[in-house]
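Biologist: I would like to learn how to read a model of this kind, one feature after another. Please take me through it slowly.

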Amino acid sequence: MLAAAVMACAYALCANPAFAHHSFAAEWDATKCRDFTGTLRKLDWQNPHPYFFVDVKDPASGKIENWSFQAYSPVTLRRNGTDRQVFLDNINKEVWIRGCLSKTGKPNAAAAGTLKFADGVLRQVGQIQD
């Protein structure tokens, strides 16, 4: 009996992978996308999504705020020609990002869509729906 329950549970997890991962629409607000310019400070290269951190100057107050940006999975980034080393080579350099804000109200968090490093090349680093 126990073996049957374990098999059913294992089958359910394998048969329903949608429960294992979120979607863009669940976490990010495609109606609230904007451009950011700032200094790339840190990279957290992990699965399922790398995050990169940018010091962005708030246009209204002039205050520097640290923003986190979620990117595509590492494998997708590498397929697009953007590996971990490209991010590391641009630490402490100015970057431009088009990103969508968090739906959950998490402050200073966005899903990255397009990213431009100091080389001026536009890179698709995430899903953006605006």
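Biologist: Let me begin with accessibility: is Arg 41 buried or partly exposed?

Modeller: A residue is called buried under 20% relative accessible area and exposed over 50%, with partly exposed in between. In this predicted model, Arg 41 has a relative accessibility of 39% and therefore counts as partly exposed.

Biologist: With which residue does the side chain of Arg 41 meet in a salt bridge?

Modeller: The partner is Asp 55, at 2.8 Å from N to O. This pair links distant parts of the chain, since Asp 55 belongs to strand E2 (residues 51-57) and Arg 41 to strand E1, 14 residues apart.

Biologist: How many salt bridges does the structure hold?

Modeller: The structure holds three. Another of them joins Arg 98 and Asp 35, whose side chains meet at 3.1 Å, N to O. Arg 98 lies in strand E4 and Asp 35 in strand E1, so this salt bridge ties together parts of the chain that are 63 residues apart in sequence. Arg 98 is partly exposed, with a relative accessible area of 22%, and Asp 35 also counts as partly exposed, at 42%.

Biologist: And which side chain meets that of Asp 119 in a salt bridge?

Modeller: That of Arg 123, at 3.0 Å from N to O. Here the two residues fall into separate classes of accessibility: Asp 119, at 46%, counts as partly exposed, whereas Arg 123, at 15%, counts as buried.

Biologist: How should I read a charged residue that lacks such a partner, and what is the nearest side chain of opposite charge to Asp 29?

Modeller: One asks how far away the nearest opposite charge lies, and compares that distance with the cut-off of 4 Å for a salt bridge. For Asp 29, which is buried yet has no salt bridge, the nearest side chain of opposite charge is that of Lys 32, 4.1 Å away. The side chain of Asp 29 does have a polar contact of 2.5 Å with the side chain of Thr 31. Asp 29 lies in strand E1 (residues 28-44), and beyond four places in sequence it touches Cys 100, Leu 101 and Lys 103.

Biologist: Cys 100 brings me to disulfides; which cysteine is joined to Cys 100?

Modeller: A disulfide is a covalent bond between the sulfur atoms of two cysteines. In this model the count comes to one disulfide, and it joins Cys 33 to Cys 100, with 1.9 Å from S to S. The torsion about the S-S bond of Cys 33 and Cys 100 is about 75°, so the disulfide is right-handed. Because Cys 33 lies in strand E1 and Cys 100 in strand E4 (residues 94-102), the bond ties together parts that are 67 residues apart in sequence. Both cysteines are buried.

Biologist: Now for contacts between distant parts of the sequence: where does Tyr 72 lie, and which residues does Tyr 72 contact?

Modeller: The idea is to set aside the near neighbours in sequence and look at what remains. Tyr 72 lies in the loop between strand E3 (64-70) and helix H3 (74-79), and at 24% relative accessibility it counts as partly exposed. Leaving aside neighbours within four places, Tyr 72 is in contact with several residues, among them Pro 48, His 49, Pro 50, Gln 124 and Val 125.

Biologist: Is Val 125, in turn, buried or exposed?

Modeller: Val 125 has 0% relative accessibility and therefore counts as buried. Its place is in the segment after strand E6 (122-124), and its contacts beyond four places in sequence include Ala 71, Tyr 72, Leu 77 and Leu 115. Val 125 and Gln 70 are 55 residues apart in sequence, with their C-alpha atoms 8.8 Å apart in space.

Biologist: Finally, what is the order of the elements, and what average pLDDT does the protein have?

Modeller: There are four helices and six strands, and from the N terminus they run α-α-β-β-β-α-α-β-β-β. The average pLDDT is 85, with 79% of the residues scoring at least 70. Over residues 4-20, however, the pLDDT is below 50, and this stretch has zero contacts in the model beyond near neighbours in sequence.

Technical notes. Residues are numbered from 1 along each chain as its sequence is written. This is a predicted model: local features need pLDDT of at least 70, side-chain atom pairs count only at pLDDT 80 or more; totals for chains, interfaces and linings use all residues. Side-chain values use heavy atoms; hydrogens and water are left out. Helices (H or I, at least four residues) and strands (E, at least two) are DSSP runs, numbered from the N terminus. Buried means under 20% relative accessible area, exposed over 50%, partly exposed in between (1.4 Å probe, protein chains only). Lys and Arg count as positive and Asp and Glu as negative; His and the chain ends are not counted. A polar contact is a pair of N or O atoms within 3.5 Å; within protein, one must be able to donate a hydrogen and the other to accept it, and residues adjacent in sequence count only if both atoms are side-chain atoms. Contact means heavy atoms within 4.5 Å. A disulfide is a pair of cysteine sulfur atoms within 2.5 Å. pLDDT is the predictor's confidence in each residue, from 0 to 100.
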